[in-house]
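Welcome! Have the sequence and the 3D view open, and let us walk through them together, one place at a time.

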Amino acid sequence: MKLKLCLLIAVLTASFLRSSAQEINLSQGWKFKIGDSTAWSSPQYNDNGWQAADVSKPWEEQGYAKTDGFGWYRVRVEIPSSIKEKAFIKDSLHFNLGYLDDGGEVYLNGKLVYKNYKTGSDIQHGIYGPGSFSVAANNPAINWDKENVLAVRVFDTGGAGGVYGDKFDIKMVDLMDNVNINTDGSFYYEEKTMSKSIRLTASGGSYNYVGKLYFKVTDPETDTIIYQKTNDAHFAAHSPFTYTFTLARLEKKSYKITYTFTDEHSGKQITKTEGAPYILTPYVKAKPRINGPDVFGERPANPFLYKIPATGQKPLTYKADGLPAGLTLNTTTGIITGIVSDKGDYPVTFTVTNSLGSNTKKFTIKIGDLIGLTPALGWNSWNAWGLTVNDQKVRTSANAMADKLSAHGWSYINIDDGWEAASRNTNGEIVTNSKFPDMKGLTDYVHNLGLRMGIYSSPGPKTCGGYLGSWQHEDQDAKTYGDWGIDYLKYDWCSYSQVSPQNPTLEDFKKPYQVMRASLDKVHRDILFSFCQYGMGDVWNWGAEVGGNSWRTTGDIEDTWKSMSTIGFSQDKTADGAKPGHFNDPDMLVIGKVGWGDHQHNTRLTPDEQYTHISLWSLLSAPLLIGCDMGHLDSFTLNLLTNDEVLAIDQDALGRAARQTFKNDTYQVWTKDLEDGSKAMGIFNTSDKYQTIKLNKAETGFNGYTKVRDVWQQKYVITSGPEFVTKVPPHGVILIKVSK
Ligand code: GAL
């Protein structure tokens with residue numbers, strides 16, 4: 001193992017951390033060693049020779065780039081009893097240790113006090129598990145007023161790993177730590193009003209919370225309060241308090257809503273804020289409109305499936321002139337199926353008609369070697385359901401996509417990890433677990449809706465979730481996918497590190513993808529091939545050559561501004577990799593209700609951050625894979641996913657990715673060339689304040705482009721003079737299209 005030892009050797013002057021504050025900071029003083037030994041949990045173990053660890057980042061980013069397997073972290077800390085004395089309730093100590101990724105165990109003075117995986121010794125199942133837990137204050141493992149040794153055993157496979165995060169501390173659990181201001185309900189829209197219910201809940205204990213809930217709506221542009229109200233509120237464990245409010249519908253701007261509960265007896269307070277959603281996408285018109293891309297590619301002699309995406313009052317009647325031989329159109333569903341045997345570009349004219357009129361669109365069917373000519377638009381189970389995905393959840397998502405989204409071009413229903421059985425059948429074939437009783441039946445169901453079906457595997461022996469991977473069964477698995485009717489494969493590196501060389505070369509990075517490419521090529525079915533290896537070896541430089549239709553460029557996204565913006569705004573380096581049939585994948589969308597398991601929450605992105613997310617991903621020509629519970633799509637989330645002019649930027653046939661054309665500390669401009677000679681431009685406010693941004697037209701590429709269209713609102717913008725001036729909300733965007 002080649003370790004950058006020199007970088008890691010640091011001399012620690014303090015033997016343990018002291019603190020008199022209520023929170024004991026734990027972000028410094030950690031030591032690290034790759035390997036595994038039970039002796040390393042012991043407080044007596046001498047770790048003097050260990051390396052210093054920076055827990056603000058995964059171990060890959062501190063010189064352990066290609067290391068997978070076990071590693072241990074240790075830190076010494078004094079826990080003063082004064083923090084207990086000062087606490088209002090003295091029940092338990094809370095530890096924040098960032099993430100233990102992929103899974104971990106925490107020992108306090110040699111005693112196991114926490115593990116973030118569920119069963120047995122299968123430590124990998126804790127995938128990105130939080131390192132946040134409580135220990136009863138009377139637990140004898142705690143050495144009050146003395147040195148304590150915290151030892152963490154962590155397992156990493158594929159991508160970011162180790163003990164890392166923003167928050168490392170120890171504190172007494174406070175009265176308000178048990179309180180949650182639950183804002184996970186949806187906003188309901190009436191013509192002129194919007195309303196929502198929130199709940200105050202207590203997670204445990206016998207305390208009766210009695211006090212006031214202060215509700216405040218602020219205009220973030222001027223910082224003025226536009227509405228406020230105080231209500232009595234009381235709640236306890238098992239008896240929540242619900243507050244419902246109705247506001248005038250606040251158009252074209254997100255207002256800040258603040259909820260503050262003050263407990264009368266203790267004087268303690270808890271606050272939560274959220275942004276009120278606002279809808280920019282115009283209502284769908286009753287007249288017919290054909291949406292979606294201008295091109296679609298399939299290979300000769302393979303099954304063809306395309307549903308003409310069209311909106312308008314139903315019933316709609318579909319027509320397609322110029323279809324190549326072998327294809328037929330169902331004129332009531334708009335689904336085209338069949339097989340074309342000859343290669344070629346087939347110009348087709350689609351017409352969709354209803355009682356109010358008709359709409360026509362020129363379209364090209366390209367039968368050739370390339371598929372996935374525009375980025376995939378679909379849904380993937382991971383960010384919503386994690387390993388709890390099942391047949392019913394997939395059907396619910398497919399129904400929602402068919403009802404609400406396919407008219408705008410959305411088509412893939414992708415099952416991520418968690419569908420595989422624990423062992424192969426006697427022929428060595430991969431089989432499903434009990435959550436998926438009939439994969440072929442499910443795929444037929446999805447296809448009948450005019451949608452396509454995706455699946456997930458790993459080139460390693462195990463997937464990241466610990467399920468069976470395709471290692472040494474690639475041909476067999478590709479054949480099984482073909483038999484089931486699968487249209488998309490996400491292929492996740494994960495445990496491949498266990499079978500690849502310790503320090504993979506570029507060829508080693510390519511190899512598992514070449515192997516599966518060859519296996520997929522033996523199947524008479526077009527299966528979009530999506531690489532998931534987190535950008536290793538700068539995959540954007542060779543993903544296309546190895547036959548990938550898309551490739552992840554980063555580690556896993558989370559539903560936070562930090563995660564989404566860090567990923568999104570760092571994609572300039574990957575731009576040249578994008579072209580028709582081959583796209584960079586900065587990971588799936590984190591809008592709507594997400595949760596990576598059975599407990600869903602509203603995305604932690606504000607409405608403006610969500611506009612940024614969709615705008616930036618569309619500019620980047622990224623696959624747009626919805627990662628939310630599709631059974632609970634609220635109006636705002638639907639508005640984000642059904643703006644045909646925004647989607648057209650993502651689906652533009654030129655297939656270019658936007659470049660970062662301007663950047664300073666508070667805003668950035670990203671510009672994407674489009675097929676028709678126009679340009680799409682995102683002006684992103686990266687600061688947390690409203691900003692009036694003035695772009696010098698000559699310097700930012702407006703030259704010669706006289707028409708400016710606000711893409712979200714689908715309206716032309718009047719602009720004259722040498723500057724383009726626009727007001728952009730905090731972490732928000734103005735997405736425009738400039739043309740001649
Ligand atoms: C991760 C991958 C996620 C998800 C997960 C499944 O490595 O990046 O997107 O697929 O594995 O276990």
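**Around the ligand and beyond**

Let us begin at the ligand, where a backbone N or O atom of glycine 465 lies 3.4 Å from one of the ligand's oxygen atoms. Keep in mind as you look that this is a predicted model. Side chains take part here too: a polar side-chain atom of aspartate 417 sits 2.9 Å from an oxygen atom of the ligand, and a polar side-chain atom of arginine 552 is found 3.2 Å from an oxygen atom of the ligand. How much of the ligand does the protein bury? Taken alone, the ligand exposes 310 Å², and the protein buries 97% of that.

Now look at the surroundings of the ligand as a group. There are 15 residues around it, and Asp416, Asp417, Lys490, Asp492 and Asp556 come nearest. By type, the shell divides into eight nonpolar residues, one polar residue and six charged residues.

Next, step back to the whole chain. The domain assignment gives domain 1 (6–19 + 177–275), domain 2 (23–173), domain 3 (289–367), domain 4 (377–646) and domain 5 (659–739). The centres of domain 1 and domain 5, taken over C-alpha atoms, are 34 Å apart. Four residues from domain 1 and four residues from domain 5 make up the contact between them.

With that map in hand, find lysine 593, which belongs to strand E35 (residues 593–594). Is lysine 593 buried or exposed? Its relative accessible area is 12%, under the 20% limit, so lysine 593 counts as buried. Among the residues that lysine 593 touches beyond its sequence neighbours are Asp184, Gly185, Ser186, His601, Cys628 and His632. Glycine 185 is 408 residues away from lysine 593 along the chain, yet their C-alpha atoms are separated by 9.7 Å. The side chain of lysine 593 also reaches the backbone oxygen of aspartate 184, at 2.5 Å.

Another stop is serine 406, in the loop between helix H4 (391–405) and strand E29 (412–414). Although serine 406 is in a loop, its relative accessibility is 4%, and it therefore counts as buried. A polar atom of the serine 406 side chain lies 3.1 Å from the backbone oxygen of alanine 402. Farther along the sequence, beyond four places, serine 406 touches Lys307, Pro309, Met401 and Leu451.

Helix H6 (residues 474–484) comes next. Which of its residues are buried? They are Glu474, Asp477, Ala478, Thr480, Tyr481, Gly482 and Trp484. A general point helps in reading such a list: an α-helix has 3.6 residues a turn, so residues three or four places apart point the same way. The cover over the buried residues of H6 includes helix H5 (439–448), strand E30 (452–457), strand E31 (488–492) and helix H7 (506–521). After H6 comes glycine 485, with a positive phi near 95°.

Our last stop is valine 708, in strand E42 (residues 707–710). With a relative accessible area of 2%, valine 708 is buried. Leaving out residues up to four places away in sequence, valine 708 touches Phe702, Lys715, Tyr716, Val717, Thr719, Phe724, Ile736, Lys737 and Val738. One of these partners, threonine 719, is 11 residues from valine 708 in sequence and 7.6 Å from it in space, C-alpha to C-alpha.

How values were computed. Residues numbered from 1 in each chain as written. Predicted model: local features only at pLDDT ≥ 70, side-chain atom pairs only at ≥ 80, totals over all residues. Heavy atoms only, no water. Helix = DSSP H or I, 4+ residues; strand = E, 2+ residues; numbered from the N terminus. Buried < 20%, exposed > 50% of the residue type's maximum accessible area, 1.4 Å probe, protein only. Contact = heavy atoms within 4.5 Å. Polar contact = N/O pair within 3.5 Å; in protein donor to acceptor, adjacent residues only side chain to side chain. Near = heavy atom within 4 Å. Areas by Shrake-Rupley, 256 points an atom, 1.4 Å probe, with all protein chains shown as cover. Nonpolar A, V, L, I, M, F, W, Y, C, P; charged D, E, K, R; others polar. Domains from an automatic or database assignment.
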